[in-house]
Amino acid sequence: MTVHQLSRRDARRLAVRAQLLTSERPAGLFEVVEGLNVLQLDQTAHIAPNADLVAWSRLGSSYDVSELADALATQELLELRGFVRLPQSLALFRAEMAAWPASRTPDGKLLDDQVYRRDWVQANEGCRLDILERLRQDGPLLMRDLPDTCVVRWTSTGWTDNRNVSQLLEFMMQRGEVAIAGRDGRDRLWDLASRVYPDEPVVPVEKARRIRDEQRLRSMGILRARGPACPGEPLDGGVAGEPAVVDGVRGEWRIDPELLGRPFSGRTALLSPLDRLVYDRKRLAELFEFDYQLEMYKPVAKRKWGYFALPILHGDGLVGKVDATSDRKAGVFRVDAIHEDAPFSKSLGTAVHRELRDLAQWLDLELVIMM
């Protein structure tokens, strides 16, 4: 098989094009979800919830956040493993759900944490059945409306300690028994999976994983065959696509060859720190040579760019960060700093300010630039 030879610019353009961040914007939310494969849900709303901010980066201020909420409520889009997905993608997870827990060592043994989860669910079989019956009668329901009849408490050194119902629901979702049927504000509504998921033929595990790898690579353009661990959605492409090497970067990549040779017309965009274009910081450094960290967990004195700094995309490069806050009590979108990795040209500065005005308009807040 041919190994494609790419420059860093070639690789960046593959990534930007695949992530729908060229000058040719997608037509709407469903085209965004189809093109990106997943929208990561995260309720941190320093600027706006991540899924909405990612959609705005592609669609601009014409995007209405009620579209996503409505689509989830009507199951035109579905939530699974912390991501928004197209309903037809659920068939690619059902065989894995049926085999839960599936994480095993190379010799086929369950990992210790999986053994604990399996045994804990079995010990609380009565509570599992109680939840299923309550949902059958009255679902969809909020978690607080479901019974906790667990006989063995969930133990953890983290925030999930003694959160019996929330943990049981997570495992029941991984088993394909319950599903998220929408949201009431930030709270998830739970129902029987049979009422939420489309009734489509189950795809065998290995074939499903291969298809998911292909879809992920198509949405990212270029990935390592093996990437860093990431809960919910991997950061690698497996053996999907075709091999490639990138000038100045060690090792082999996988690319979607259908994205090669297409014309490229870039634009300026502000990105969420959780945007899939920048989420894998190692890939970000290798391909874009961009130094970035999410600093919300750092002490204020140790932050370089800000609590939730937005990476700035310009064409096929990442050129800076915006330190900004949505202050809804004051009714302002406050920009405390624009960090330029290299001095901005007049046209680039104008483009960044245009995006800031568009973001403030979308947020329905007054733009206040403090510098």
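I'll talk through one sheet and one buried helix in this structure, which is a predicted model.

Start with the sheet. Four strands make it up, and the sheet is open. The order is E1-E9-E10-E8, with mixed pairing. Which strands stand at the edges? Strand E1, residues 4–6, and strand E8, residues 222–224. Each has a single partner strand, so one side of each is left without a neighbour in the sheet. From one strand to the next, the twist averages 40 degrees.

Now E9 and E10. Strand E9 covers residues 242–246, and strand E10 covers 253–255. They pair in the antiparallel sense, over three bridges. Look at Ala244: its bridge partner in E10 is Trp253.

Two helices to point out here. Helix H1, residues 8–18, packs on the sheet and touches E1, E8, E9 and E10. Its direction makes about 100 degrees with that of E1. Helix H12, residues 281–288, also packs on the sheet. H12 touches E8, E9 and E10, and its direction makes about 120 degrees with that of E8.

Next, helix H8, residues 164–174. How many of its eleven residues are buried? Nine, so H8 is largely enclosed by the rest of the structure. Among them are Val165, Leu168, Leu169, Phe171, Met172 and Met173. Asn164, Ser166 and Gln167 are buried too.

What do these buried residues pack against? On the helix side, H5 (94–98), H6 (112–123) and H7 (125–138). On the strand side, E3 (78–80), E6 (178–184) and E7 (187–192).

One last spot. Just after H8, Gly176 takes a positive phi of about 80 degrees.

Definitions and conventions. Residues are numbered from 1 along each chain as its sequence is written. This is a predicted model: local features need pLDDT of at least 70, side-chain atom pairs count only at pLDDT 80 or more; totals for chains, interfaces and linings use all residues. Side-chain values use heavy atoms; hydrogens and water are left out. Two strands pair if DSSP finds at least two bridges between them. Axes are lines fitted to C-alpha atoms, for helices over the stretch in contact, and angles run from 0 to 180 degrees between N-to-C directions. Contact means heavy atoms within 4.5 Å. Buried means under 20% relative accessible area, exposed over 50%, partly exposed in between (1.4 Å probe, protein chains only).
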